[in-house]
Amino acid sequence: MLKKKENNDNQFSKIKSIIGQDAVFEGTLQAKETTRVDGLIKGDVKIDTVLVLGLTGKIVGNVQAATIMIGGTVEGDLVATDKITISATGKVTGNLHTKKLVVDENAVFFGQCFMGDHAPARPEPETAQTPAPAPLKAAEQSSQEYRRTPRAKAADPGEYPKAVRSRTADEIKSADDGRAAGE
């Protein structure tokens, strides 16, 4: 006999964990079953199946789940192995990594979105910071205004874009001298 395929609608009826509207949870929340959040979570959330963030729910941290439905506010990155849905009342400030994305009209999203079958997983934060370039002298600033800076190479599909570092005036000058000399 054929077995009925269980869809996400059936999973929502099986909510096993609930963080209530007046609850405040600090730390990492992990659950295997469908979880609904109507309160405040300060920390990362890792759900094996579905996360439902209600209208009054707020998460300050990164979220990982198979399916994520946002009706409240998230300040952090979202990683979904299947789908992210941001409803009209949802507000996300962070990057999205998912195969499928649904954003309703009037939803708010600030960040980058990486999607498709080969969307890269959320990258680890870089530990080394590049130093800020030294301030330019007035003469260098005026010559810098007319110089064209090279464009960064676009990332290949499925590759997470690398950070672009600004170059100092000396680096630009030496690169220009090298091009003039035929290097």
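This is a short tour of the strands in a predicted model, with a selection to make at each stop.

**Stop 1: the open sheet.** Begin with the strands β2, β5, β8, β10, β12 and β15. These six strands form an open sheet, and their order across it is β2-β5-β8-β10-β12-β15. The pairing in this sheet is parallel. Now select residues 24–26 and then residues 108–110. The first selection is β2 and the second is β15, the edge strands of the sheet. Each of them pairs on one side only. On average, neighbouring strands of this sheet are turned by 5° against each other, direction ignored.

**Stop 2: from β12 to β15.** Select residues 91–93, which make up strand β12. How many bridges join β12 to β15? There are three, and the two strands run parallel. To see one of the pairs, colour T93 and look for its bridge partner in β15, which is F110.

**Stop 3: β9 and β11.** Select residues 63–70 for strand β9 and residues 78–86 for strand β11. The two pair in the parallel sense over seven bridges. Colour T67 next; K83 in β11 stands opposite this residue.

**Stop 4: β11 and β13.** Keep β11 selected and add residues 96–98, which are strand β13. Two bridges connect β11 and β13, again in the parallel sense. Which residue of β13 is the bridge partner of V79? The partner is H97.

**Stop 5: β11 and β14.** Finally, add residues 100–103, strand β14. β11 and β14 pair in the parallel sense over four bridges. Colour I84 and L101 to finish: L101, in β14, is the bridge partner of I84.

Notes: Residues are numbered from 1 along each chain as its sequence is written. This is a predicted model: local features need pLDDT of at least 70, side-chain atom pairs count only at pLDDT 80 or more; totals for chains, interfaces and linings use all residues. Side-chain values use heavy atoms; hydrogens and water are left out. Two strands pair if DSSP finds at least two bridges between them. Axes are lines fitted to C-alpha atoms, for helices over the stretch in contact, and angles run from 0 to 180 degrees between N-to-C directions.
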